[in-house]
Amino acid sequence: MSSQTGSSILQVESLNVFYENFQAVKDVTFHVKEGEIFGLLGPNGAGKTSTLSAIEGLLKPHSGEITVAGFSIRKQPMQARANMGVQLQSTSFQPELTITEIIKLYAGIYGISLSNERLNIILQDIKLEGSASKRFGQLSGGQQQRVSLVISTIHDPVLVMLDEPTTGLDPQSRRQLWERIEAIREKGHGVLLTTHSMEEAEAVCDRIAIIDHGKIIAIDTPDTLVELHRNDPNVISVSRKGKITLEDVFIGLTGKTVRS
Amino acid sequence: METIIPKSKDAFLSLLRADLKTQWRNRRSVVMSLLVPLVILISWKGLIATFGGAFVFSISLTIGLASIGLMGYAISVARDRDKGIFQRLRVTPMPASFIMMSRLSVQLGMIALLTIAVFIIGYQVDKISLTPSGYILTFITAFLGGALYLGFGQMIVGLIKNSETVNSGTRLVYIAFIMLGMFGELSSNIQFKTIIHWSPFGTVKTILAAAMQPAAWNNDATFALLATIGYALIFSFLGIKWFRWNSAGS
């Protein structure tokens with residue numbers, strides 16, 4: 001785990017997001033520090049992706065302030081985006097392009113000069129050196145995720161945002177991705193990830209925020225959250241294994257009802 | 001840590017290179033865009049003596065331009081929007097306008113390719129040749145007509161969020177354009193002929209036919225030119241206004 005003493009590289013203050021009359025994010029405030037993996041957890045439709053989209057600049061918040069590496073998303077969007085790497089939920093690359101072409105495309109967009117030697121190192125690092133000329137659409141889910149992660153970090157950003165990065169991956173690929181996420185932390189960079197997996201949150205996140213109905217209802221380290229809610233009757237009532245887990249806390253706080 | 005903002009030119013060229021490669025890999029769509037107008041050009045050889053080379057040329061080119069704007073541009077934009085490709089590009093430090101500018105640049109290349117192919121086949125098969133000013137004017141009006149259909153395609157992807165609906169909708173509109181274009185002006189109904197003449201198909205066809213014979217350019221061609229520019233501006237304005245970067249609508 002990190003020391004968690006770094007300064008904030010992402011600050012979200014009083015964020016409010018509306019879709020016409022529906023308020024998806026309500027007065028959300030949190031920050032991500034250097035060398036920290038911060039998890040945003042919530043049931044479907046809780047406001048995780050809306051919060052992430054506002055930080056990424058994909059949607060305009062109704063109010064609130066977001067700064068990335070000291071740059072305001074509203075006032076200095078280019079500088080803020082240059083400091084963030086993003087992995088979206090969908091695969092989101094042209095299926096006709098090869099891995100090499102996709103890496104070159106994004107290197108060009110981020111102004112990175114990429115020698116063939118560096119390109120080979122990147123491909124070896126994601127264990128796809130033999131598939132360099134394969135089209136993105138021909139890759140497996142795990143391979144696509146690896147390409148997606150390498151693209152999100154190709155410009156060595158101080159903040160990496162990952163939207164449900166391990167969804168659909170087998171245990172081996174998931175573990176490998178966790179190691180890559182931890183390697184980003186080791187470099188002193190911050191990671192903001194959303195996930196539905198409590199196992200993932202416990203395994204990699206230094207701090208987590210639980211968001212429900214657009215509001216953050218709990219924010220702390222996974223261990224502290226379990227400690228704080230150990231005696232909550234709602235949490236105890238959903239406990240299945242005789243001991244309180246993060247999943248029990250999550251379900252106890254957000255309810256048992258399945259969200260669409 | 002130093003913040004590097006990439007040079008606009010480098011970012012745009014990287015994107016354009018990728019879009020050109022994507023277009024090249026979708027060769028089937030390129031061939032289809034060229035095939036229909038060329039088939040018309042070849043199969044209507046017999047009509048040249050009756051209606052003139054400019055008539056056949058202009059119909060062939062107009063259908064090709066409609067194919068590029070509707071089948072090429074609109075369908076690919078709808079598909080990529082659905083896959084989240086635009087959203088992925090929008091989170092980079094590059095103006096979002098570059099995404100569409102690059103796409104449109106590729107389509108302008110397609111328009112140039114189509115126009116040259118029609119000129120070559122027209123000369124080889126139908127022995128149609130134009131004056132140098134005719135070739136230049138035809139090129140310019142082909143780009144204007146292309147702008148109208150690209151605007152039309154943009155309006156469709158602005159109006160319709162679902163990529164499957166865009167796919168089927170544009171095909172339907174395209175077939176309607178072919179039918180109206182090929183047979184509309186042969187109709188004996190004056191009102192119907194007038195509607196076709198001033199429709200987006202008719203105005204493009206009129207300016208193309210007039211551009212091929214610059215000496216015969218008249219008031220009708222000038223009004224058709226103004227109508228084409230007007231259509232292009234209105235379609236583009238609405239297409240941009242209604243456009244959403246993701247198919248969920250945000």
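Mentor: A residue is called buried here if 20 or more other C-beta atoms lie within 10 Å of its own C-beta atom, and exposed if 12 or fewer do. Please keep in mind throughout that the structure is a predicted model.

Trainee: With that in hand, which residues of strand 6 of chain A point the other way from A:Met84 and A:Val86?

Mentor: In a regular strand the side chains alternate between the two faces of the sheet. Strand 6 of chain A covers residues 84-87, all of them buried, and while A:Met84 and A:Val86 point one way, the residues that point the other way are A:Gly85 and A:Gln87.

Trainee: Which residue stands opposite A:Gln87?

Mentor: Strand 6 of chain A pairs with strand 7 of chain A, residues 159-163, in the parallel sense and over 4 bridges. Within strand 7 of chain A, the residue opposite A:Gln87 is A:Leu162.

Trainee: In the open sheet of 4 strands in chain A, which strands stand at the edges?

Mentor: The 4 strands of this open sheet follow the order 2-1-4-5, and their pairing is antiparallel. A strand at the edge has a single partner strand, so one of its sides is left without a neighbour in the sheet, and in chain A this applies to strand 2 and strand 5.

Trainee: What is the bridge partner of A:Thr67 in strand 5 of chain A?

Mentor: Strand 4 and strand 5 of chain A run antiparallel and are joined by 2 bridges. For A:Thr67, the bridge partner in strand 5 of chain A is A:Ser72.

Trainee: Is A:Ala69, in the loop between strand 4 and strand 5 of chain A, buried or exposed?

Mentor: A:Ala69 lies in the loop between strand 4 (63-68) and strand 5 (71-72) of chain A, and its phi is near 50 degrees, a positive value in a residue other than glycine. Because 22 other C-beta atoms lie within 10 Å of it, A:Ala69 is buried.

Trainee: And is A:Glu20 buried or exposed?

Mentor: A:Glu20 is found in the loop between strand 1 (8-19) and strand 2 (22-33) of chain A, and its phi, near 55 degrees, is a positive value in a residue other than glycine. Because A:Glu20 has 5 C-beta neighbours inside 10 Å, it counts as exposed.

Trainee: What separation is there between the C-alpha atoms of A:Pro95 and A:Gly137?

Mentor: A:Pro95 is found in the loop between strand 6 and helix 3 of chain A, and, leaving aside its neighbours within four places in sequence, it is in contact with A:Arg135, A:Phe136 and A:Gly137. Although A:Pro95 and A:Gly137 are 42 residues apart along the chain, their C-alpha atoms are separated by 4.2 Å.

Trainee: How many of the 11 residues of helix 3 of chain A are buried?

Mentor: Among the buried residues of helix 3 of chain A are A:Ile99, A:Ile103 and A:Tyr106, and what covers the buried residues includes helix 4 (116-125) and helix 5 (141-152) of chain A together with helix 1 of chain B. Helix 3 of chain A is largely enclosed by the rest of the structure, because the number of its 11 residues that are buried is 8.

Trainee: At roughly what angle do the axes of helix 3 of chain A and helix 1 of chain B cross?

Mentor: Helix 3 of chain A passes helix 1 of chain B in a left-handed crossing, with a contact to which helix 3 of chain A brings A:Glu101, A:Leu105, A:Gly108 and A:Ile109. The residues of this contact divide into 6 nonpolar, 2 polar and 3 charged. The axes of helix 3 of chain A and helix 1 (residues 8-25) of chain B come within 7 Å and cross at roughly 155 degrees.

Trainee: Which way, then, do the two helices run relative to each other, roughly parallel or roughly antiparallel?

Mentor: The axes cross at roughly 155 degrees, and an angle over 145 degrees counts as roughly antiparallel. That is why helix 3 of chain A, relative to helix 1 of chain B, is roughly antiparallel.

Trainee: For the two chains as wholes, how many residues of chain B are in contact with chain A?

Mentor: On the side of chain A that touches chain B, helix 2 (77-82) and helix 3 (99-109) of chain A each supply at least two residues, and by class that side has 13 nonpolar, 9 polar and 4 charged residues. In all, 26 residues of chain A take part, and the number of chain B residues they are in contact with is 27.

Technical notes. Residues are numbered from 1 along each chain as its sequence is written. Chains are lettered from A and ligands numbered from 1 in the order in which they are written. This is a predicted model: local features need pLDDT of at least 70, side-chain atom pairs count only at pLDDT 80 or more; totals for chains, interfaces and linings use all residues. Two residues are in contact if their C-beta atoms, placed from the backbone, lie within 7 Å. Ala, Val, Leu, Ile, Met, Phe, Trp, Tyr, Cys and Pro count as nonpolar, Asp, Glu, Lys and Arg as charged, and the others, Gly among them, as polar. Axes are lines fitted to C-alpha atoms, for helices over the stretch in contact, and angles run from 0 to 180 degrees between N-to-C directions. Angles under 35 degrees count as roughly parallel, over 145 as roughly antiparallel, 65 to 115 as roughly perpendicular and the rest as oblique. A crossing is left-handed if the near helix is turned anticlockwise from the far one by less than a right angle, and right-handed if clockwise. Two strands pair if DSSP finds at least two bridges between them.
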